[in-house]
Amino acid sequence: MIFITGDVHSKSMGGWEQKKVGSEVKAAEEYLKILKKNNLSCTIFINGKCFENEGAEKLLNYNVELGGHTYDNFGKMNLLKSYKNRKLFNCIYGSSNFQKKDIKKTKKSFERFGLKMISWRTHCFGSNEKTFKLLENVGVKYISDLLGEKPPFKKGEVIHLPINIPVDQNTIIYGKLGPSNRDPFASCTKGRVSPEEWFEILKKRVKNNENEGIASIVLIHPSTMAALDNFRLFKKIALFLSKYESKKISEIIL
Ligand SMILES: [Zn+2]
């Protein structure tokens, strides 16, 4: 079983991928078109802000589940704030009070379009145990924040779906390969392999998981696939994944 997920950010983020791609919502639409051609289900975790004036509602024309991904990536974040949040709250998402407000705001943006926010991924996987409790309190039932080879599990009323395939953005290098750490589960700045190598790792892991009856939770960013090669690699990935059964996050059965 494959769970394909993608994270989509508001245009206020301004990273280099986004500068190259333009609207991430638009990239997500291209991404969903490719998945549709291959009969694949998918979950998109999206900033609440994308529903304000970025046309995120058009994604509803596709067979996709939309989950929350914070309102706008913790507001204005910089290195100092990120450091402070980690130091003070042991969590980049900030204080419980900030998280609570941000989760509610995100939920409201969903509700404006008649959507129930029952699944969630924190931007940068920046959550802590408190985040999970706050999400549970507002009716979120599926969270995909953890990384590593851990099977989905239930805690309280929430089912956690850890991402068990190396993440595209953290793993791929766009230019020349550096000599540093090539461990695909290493942090954002360290884990670098070529896109083709990453695809080989993905294929191997998915095949292994299928053989062993383990669900594969995959995170592939629409903006990364657009910035990399205008979805050429993603089309190959979708074709490969189409051999397997896929589901949306909230369709998981434990
Ligand atoms: Zn994100």
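Here is a walk through this predicted model, starting at one helix and moving outward to the core and a few single residues.

Let's begin with helix H6, which runs over residues 129-137. Three of its residues, Thr131, Leu134 and Leu135, are buried. Why do they sit on the same side of H6? They cover an arc of only 100° around the axis, and that puts them on one shared side of the helix. Turn to the other side of H6 and you find Glu129 and Asn137, both exposed. So what do the buried residues of H6 pack against? Their partners are helix H5 (96-111) along with three strands: E4 (119-120), E5 (142-143) and E7 (158-160). Just after H6 comes Gly139, with a positive phi of about 95°.

The pairing of H5 with H6 deserves a look of its own. Their axes come within 10 Å and cross at roughly 35°, and the crossing is right-handed. On the H5 side, the residues that meet H6 are Ser96, Gln99, Lys100 and Ile103; facing them from H6 are Lys130, Thr131, Leu134 and Leu135. In character, the residues of this contact split into three nonpolar, three polar and two charged. Two of the H6 residues in that contact, Leu134 and Leu135, are among the buried ones we started with.

Now for the core. In soluble globular proteins, nonpolar side chains tend to be buried together. Here the largest nonpolar core has 50 residues, and Ile4, Ile44 and Val218 have the most contacts inside it. Which helix gives this core its largest share? That is H2 (residues 24-37), with six residues. To get a feel for the core, try centring your view on Ile44. Setting aside neighbours within four places in sequence, Ile44 is in contact with Gly6, Val8, Ala28, Leu59, Val64 and Leu66.

Next, go to Ser223, in helix H9 (residues 222-229). Is Ser223 buried or exposed? It is buried, because 27 other C-beta atoms lie within 10 Å, and 20 or more is enough to count as buried. Ser223 also brings together parts of the chain that are far apart in sequence: Gln18 is 205 residues away along the chain, yet the two C-alpha atoms are 6.7 Å apart. Leaving out residues up to four places away, Ser223 touches Glu17, Gln18, Val21, Glu24 and Ala27.

Compare that with Cys124, which you'll find in the loop between E4 and H6. Cys124 has 17 other C-beta atoms within 10 Å, so it is partly exposed. Cys124 and Leu241 are 117 residues apart in sequence, and their C-alpha atoms are 25 Å apart in space.

Finally, two backbone oddities. Most residues other than glycine have a negative phi. Thr70, though, has a positive phi, near 65°. Thr70 lies in the loop between strand E3 (64-68) and helix H4 (79-89), and it counts as buried because it has 28 C-beta neighbours inside 10 Å. Phe231 is another case: it is not a glycine, but its phi is positive, at about 75°. Look for Phe231 in the loop between H9 and helix H10 (232-241). With 18 C-beta neighbours inside 10 Å, Phe231 counts as partly exposed, whereas Thr70 is buried.

Technical notes:
Residues are numbered from 1 along each chain as its sequence is written. This is a predicted model: local features need pLDDT of at least 70, side-chain atom pairs count only at pLDDT 80 or more; totals for chains, interfaces and linings use all residues. A residue is buried if 20 or more other C-beta atoms lie within 10 Å of its own, exposed if 12 or fewer, and partly exposed in between; C-beta atoms are placed from the backbone. Helices (H or I, at least four residues) and strands (E, at least two) are DSSP runs, numbered from the N terminus. The arc is that of the directions from the helix axis to the C-beta atoms. Two residues are in contact if their C-beta atoms, placed from the backbone, lie within 7 Å. Axes are lines fitted to C-alpha atoms, for helices over the stretch in contact, and angles run from 0 to 180 degrees between N-to-C directions. A crossing is left-handed if the near helix is turned anticlockwise from the far one by less than a right angle, and right-handed if clockwise. Ala, Val, Leu, Ile, Met, Phe, Trp, Tyr, Cys and Pro count as nonpolar, Asp, Glu, Lys and Arg as charged, and the others, Gly among them, as polar. A nonpolar core is a set of buried Ala, Val, Leu, Ile, Met, Phe, Trp, Tyr and Cys residues joined through C-beta atoms within 7 Å.
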